[in-house]
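Hi,

Here is the structure I said I would pass on. Have a look first, and my notes on the side chains follow below.

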Amino acid sequence: VVSVQEPDAMRLAWATHHYLTNMAIIYIIAFVIFLSWVLYLRHLAIQERERMWRLDMNTGLENRNAYTEFLTAFAHIPGQVMTVVYVDVNGLHEMNNRFGHEAGDKMLCAVADALKKTLPQAALFRIGGDEFLAAQTNIDAAAATAKMELAQQELAKQGYYISVGVEEDTGGRILEEVVRAADQKMLAAKRQYYCTVGNRRRREE
């Protein structure tokens, strides 16, 4: 029979306790790290879903979901100039029918790129199949119109044409009213385009 002295037994018990305590701490730390990583990945997944929900995959602009949120959240400071630019791509339906949707997507991307370049500080949205909208404060209709005329010229060099409606406001109307006014001006420009350009192609909705 092996006799274990009391001090030795105490040291063994303490060493065992110390070992188990350290192992428990290690397991807890590992679990916390693992849980943090899982929560981080979940956060990234939620962010990505949110981004995809708001993003137009063809052009990289924000989509109608984001535009609807923008309309709800926008607060116009009275006296501050705010301008809406409503853009419709002429001939997208015809482009898709004649040359395929890849050509149509290229056309849409060209328009989106032109808007990014022309109005880099604006909130930009693709709100429909062939419709885009830009909203920006601290720019009036005259300045926005001049910028969009240059964008139209650049797009025309690529064989693409857009109809544009521009409306400004200084806080007297809600944003939806300003958008509707810009839309009406765009429709008038589109009618003029189809009456005067090319073979008078019929407006496609």
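**Salt bridges and rings**

E167 is buried, with a relative accessible area of 12%. Before going on, bear in mind that this is a predicted model.

E167 has a charged partner: its side chain forms a salt bridge with K185, at 2.6 Å from N to O. K185 sits in helix α6 and E167 in strand β4 (residues 161-169), so this pair ties together parts that are 18 residues apart in sequence. Unlike buried E167, K185 counts as partly exposed because its relative accessibility is 41%, and buried would need under 20%. The two also belong to a wider network of salt bridges that links E167, D169, R173 and K185.

Helix α6 turns up again with K190. The K190 side chain meets that of D88 in a salt bridge, 2.4 Å from N to O. Here helix α6 (residues 175-196) is tied to strand β1 (residues 82-90), so the contact joins parts that are 102 residues apart in sequence. Both K190 and D88 are buried, and for K190 the relative accessible area is just 1%. K190 has another side-chain partner too: a polar contact at 2.7 Å with the side chain of N90.

One more pair for your list: E62 and R54 form a salt bridge, with their closest N and O atoms 2.7 Å apart. E62 is partly exposed, at 30% relative accessibility. Altogether I get 9 salt bridges in the model.

Now the rings. How many aromatic pairs does the structure hold? There are 5 aromatic pairs. One of them is Y161 with Y193: the ring centres are 6.0 Å apart and the planes lie at 35°, so the pair counts as tilted. This pair also links distant parts of the chain, with Y161 in strand β4 and Y193 in helix α6, 32 residues apart. Y161 is partly exposed at 34% relative accessibility, whereas Y193 is buried at 9% relative accessible area.

Y193 pairs with Y194 as well, and there the centres are 5.0 Å apart with the planes at 85°, so that pair is edge-to-face. Y194 is buried, just as Y193 is.

Elsewhere in the list of rings, Y67, F70, F74 and F125 make up one aromatic cluster.

If you want somewhere to start, I'd open the view on helix α6, where K190 and Y193 both lie.

Cheers

Technical notes
Residues numbered from 1 in each chain as written. Predicted model: local features only at pLDDT ≥ 70, side-chain atom pairs only at ≥ 80, totals over all residues. Heavy atoms only, no water. Salt bridge = Lys/Arg side-chain N within 4 Å of Asp/Glu carboxyl O. Buried < 20%, exposed > 50% of the residue type's maximum accessible area, 1.4 Å probe, protein only. Helix = DSSP H or I, 4+ residues; strand = E, 2+ residues; numbered from the N terminus. Polar contact = N/O pair within 3.5 Å; in protein donor to acceptor, adjacent residues only side chain to side chain. Phe/Tyr/Trp six-rings, centres within 6.5 Å; stacked < 30°, edge-to-face > 60°.
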